[in-house]
Amino acid sequence: MKLSSYFLPVLKETPSDAEIISHKYMLRSGMIKQSSSGIYSWLPLGLKVLKKIENIVREEQDIAGVNEILMPTIQPADLWKESERYEDYGKEMLRINDRQNREMLYGPTNEEQITDIFRSSIKSYKELPQLLYHIQWKFRDELRPRFGVMRGREFLMKDAYSFDIDSISSEESYNRFFICYLKTFERLGLKAIPMAADTGPIGGDLSHEFIIISQTGESDIYFDERILKEGDQINKIDYSEDLASHVNKFKSYYSASDDKFNREKFDEIVDRKYQMHSKGIEVGHIFNFGTKYSKIMKANVLDSDGVEKSVHMGSYGIGISRLVGAIIESSHDENGIIWPEVVAPFKIGLVNLKPKDEKVTKVANELYLLLNKNYEVLYDDKKDNPGVKFSRIDLIGIPHQIIIGSKASSENVVEYKNRKTSATELIKISNLSNFIDKLNT
RNA sequence: CGGGGCGUAGCGCAGUCUGGUAGCGCAUCUGGUUUGGGACCAGAGGGUCGCAAGUUCGAAUCUUGCCGCCCCGACCA
């Protein structure tokens, strides 16, 4: 992509609305534009990152054997009246009347909808378990939206739902998602700690939050620091293994966010030298809530003994739009964002420092065509001063920078700069392709 | 929802106390000089001062009402 034809409205000054780093950098790098409180438009750079995260989450769901569907954003109130949550959910739920004055709502979550889909077609234990997910925009009319996309009213969420014949099988599904979540967050370059959590309005008795450590997080977290080590081998776990034993290892370490935290228990179980207390960002939450919805909504199947039973359900969320902010919170410096390679909007930032020098520009154009065949390249071909170019390419956080200056035509070398380490080296142009290929491994 | 703050050009702000018809920096446009870390000179364009009503000869400024946005707290992926 040539920068001269890319919509990238970067800001030199920080908009006064932003408080935390990720919000500031997302606005300054032209990723998002606020529409109203807690509601944002996603501009090209931001959308690219959002899609990358979405795709990684999707791939990991698919690997775990979950089926993707897509449910609507607008739901009929009737379903929620059936589950008796229509009144309970309160003002967080955006209620709408259509032209026939039917009561509708913009979905804050989809338990009712999925249960309705399930019950209309699955009738036998032989068809269980069923694991379904979708990635869709949600709306929760928060009392106070804040921190940009970290706590918006409209947000993109992956939510999955499991349906099992009994609580034992249901817990196996729960464990599957537990492992899946650890794998997903690891792929995103995040260290997510599973923590015992309250089940809140969704209900049930088994629940974990997945929280990444960050000073700007909204949750207070307490944990045994040895749990951090436990995640190291997570990518090696195969779903055919005994997942419960892996999950139990994590559960064996004390970890809790503020509402479940118990000081006495913490001191009793965890040696003082392993005790950790921090702030964290909740990026995922899983619930096992048994028959709470299936009973009231009559989602029943026939068991092998011919008796009709309510299915045991779980729901599993990942805040995809929130993850964009969360990743920035955990990966930035004073010059801007530092994207982990897997979610970076572009892999290579190709910067022509001498756009008015014909020879240098010729080299730059050729390198762009060459590299663009195999990599996502943002080519800064604009006629700005070098300083502007350097600060802009740093701000938007592209992991690898290729700086093309006068030496490109006089000595046939360009400069490589690693955004994360700031390390630079001169590369012969004839060798550049090779050099970049090696970065990829 | 309680407490606090803000709304003036695309962005960041001054001007409001003490009323006299709007200004600064950045950005944008034109010309020129620059070109390895947010350049310089000269010129130009851009604002019904959030909206409405009121007070006044006269309102960005005073009064009242409304709207929007942010921060702290209580609640949530």
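This short talk covers one small sheet, the largest pocket and the largest cavity of the structure above. Keep in mind that this is a predicted model.

Let's take the sheet first. It is open and has 3 strands. Their order is 4-6-5, and the pairing is antiparallel. Which strands stand at the edges? Strand 4, residues 74-76, and strand 5, residues 94-97. Each has a single partner strand, so one side of each is left without a neighbour in the sheet. From one strand to the next, the twist averages 35 degrees.

Now look at one pairing in detail. Strand 6 covers residues 103-106. Strand 4 pairs with strand 6 over 3 bridges, in the antiparallel sense. If you want a residue pair to click on, take Gln75, whose bridge partner in strand 6 is Leu105.

On to the empty space. Rolling a probe the size of a water molecule over the atoms shows where such space is left.

The largest pocket comes first. How much space lies in it? About 1,100 Å³. Its lining counts 44 residues. Which of them lie nearest the centre? Arg140, Glu142, Glu282, His285 and Arg322.

Where does the lining come from? Four elements supply at least two residues each: strand 8 (154-164), strand 13 (275-290), strand 16 (312-319) and helix 10 (320-330). Strand 13 gives the most, with 7 residues. By class, the pocket lining divides into 16 nonpolar, 15 polar and 13 charged residues.

Next, the enclosed space. With a cut-off of 30 Å³ or more, the count is 1 cavity. The volume of the largest cavity is about 50 Å³. Who lines it? From strand 2 and onward, the list reads Ile39, Tyr40, Trp42, Trp137, Val149, Glu154, Phe155 and Ser321.

Two elements give two or more residues to this cavity lining: strand 2, residues 39-42, and strand 8. Strand 2 gives the most, with 3 residues. So much for position; now class. The cavity lining has 6 nonpolar residues, 1 polar and 1 charged.

One link to take away concerns strand 8. Strand 8 supplies at least two residues to the lining of the largest pocket, and strand 8 also gives two or more to the lining of the largest cavity.

Definitions and conventions. Residues numbered from 1 in each chain as written. Chains lettered and ligands numbered in written order. Predicted model: local features only at pLDDT ≥ 70, side-chain atom pairs only at ≥ 80, totals over all residues. Heavy atoms only, no water. Pairing = 2+ DSSP bridges. Axes fitted to C-alpha atoms, helices over the stretch in contact; angles between N-to-C directions. 1 Å grid on protein atoms, 1.4 Å probe; cavity = no way out; pocket = protein on both sides within 12 Å on 5 of 7 lines; lining within 4 Å. Points joined across faces, edges and corners; volume = space filled by probe spheres on them. Nonpolar A, V, L, I, M, F, W, Y, C, P; charged D, E, K, R; others polar.
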